[in-house]
Amino acid sequence: PNIVSLHSSGNNPGDSDFFLVVERLETRLDKRIKEWRNNKSSKMILRMKALREKRNALDERIATAYQVSSAFEYLHGRTIIFRDLK
């Protein structure tokens, strides 16, 4: 769950030139966080609409955090350490 697909790898694990080829994601976590910061409600939006949008944004953030944490739980449960969170 919430893990990218591994397409290929090269060289031996532990070697300095070891690499993995994984599927490309539609967005990265750092870009999504920037979008959240930039999508602050303007003063012209009605109060109820602004509250609803904030709730939806919070729900999206919680869902993303859950997806990331469940991916790490899955990996760590298989003694895999992933150090390249973006």
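A pocket is here an open set of grid points at which a 1.4 Å probe fits, with protein on both sides within 12 Å along at least five of seven lines. In the predicted model examined here, the largest pocket holds about 1600 Å³ of space. Its lining is made up of 31 residues, and those closest to the centre of the pocket are Val4, Val22, Leu25, Phe82 and Asp84. Three elements each give two or more residues to this lining, namely strand E2 (19–22), helix H1 (29–38) and helix H2 (47–77). The largest share, six residues, is supplied by H2. In terms of residue class, the lining of the largest pocket comprises 17 nonpolar, nine charged and five polar residues.

The secondary structure of the protein chain consists of two strands and two helices, and these elements follow one another from the N terminus in the order β-β-α-α. Of the 86 residues in the chain, 8% count as buried. When the contacts with a separation of 6 or more are considered, 38% of them are accounted for by residues 24 or more positions apart.

The strand region can be described through valine 22, a residue of strand E2 that is also among those closest to the centre of the largest pocket. Valine 22 counts as partly exposed because its relative accessibility is 40%, a value in between the 20% limit for buried residues and the 50% limit for exposed ones. Once neighbours within four places in sequence are left aside, the contacts of valine 22 are with Val4, Ser5, Leu6 and His7; Val4, like valine 22, appears among the residues closest to the centre of the pocket. Serine 8 is 14 residues away from valine 22 in sequence, and the two C-alpha atoms are 7.1 Å apart in space.

Asparagine 11 belongs to the loop between strand E1 (6–10) and E2. Most residues other than glycine have a negative phi. The phi of asparagine 11, by contrast, is positive, with a value near 70 degrees. This loop residue has a relative accessibility of 45% and therefore counts as partly exposed. A positive phi is also found at threonine 79, which is not a glycine and whose value is about 50 degrees. Threonine 79 lies in the segment after H2 and, with a relative accessible area of 73%, is exposed.

Within helix H2, three residues were considered in turn. Threonine 64 is located in this helix and is buried, because its relative accessible area of 8% is under the 20% limit. Apart from residues up to four places away in sequence, threonine 64 touches Leu29, Arg32 and Trp36, and the range given for helix H1 (29–38) takes in these three positions. Glutamate 60 is likewise part of helix H2, but counts as partly exposed at 36% relative accessibility. With neighbours within four places in sequence left aside, glutamate 60 is in contact with Arg32 and Trp36, two residues that threonine 64 also touches. The C-alpha atoms of glutamate 60 and tryptophan 36 are 9.7 Å apart in space, across a sequence separation of 24 residues. Lysine 54, also placed in helix H2, is exposed, because its relative accessible area of 55% is over the 50% limit. For lysine 54 and tryptophan 36, the separation is 18 residues in sequence and 10.0 Å in space, again from C-alpha to C-alpha.

Aromatic side chains were examined for ring pairing and for charges placed over a ring. A pair of aromatic rings is described by the distance of the centres and the angle of the planes. A search of the whole structure for such pairs gives zero. An arrangement of charge over ring is nevertheless present, in that arginine 78 lies over the face of tyrosine 74, at a distance of 3.8 Å from the ring centre.

Technical notes:
Residues numbered from 1 in each chain as written. Predicted model: local features only at pLDDT ≥ 70, side-chain atom pairs only at ≥ 80, totals over all residues. Heavy atoms only, no water. 1 Å grid on protein atoms, 1.4 Å probe; cavity = no way out; pocket = protein on both sides within 12 Å on 5 of 7 lines; lining within 4 Å. Points joined across faces, edges and corners; volume = space filled by probe spheres on them. Helix = DSSP H or I, 4+ residues; strand = E, 2+ residues; numbered from the N terminus. Nonpolar A, V, L, I, M, F, W, Y, C, P; charged D, E, K, R; others polar. Phe/Tyr/Trp six-rings, centres within 6.5 Å; stacked < 30°, edge-to-face > 60°. Lys NZ or Arg CZ within 6 Å of the ring centre and 35° of its normal. Buried < 20%, exposed > 50% of the residue type's maximum accessible area, 1.4 Å probe, protein only. Contact = heavy atoms within 4.5 Å.
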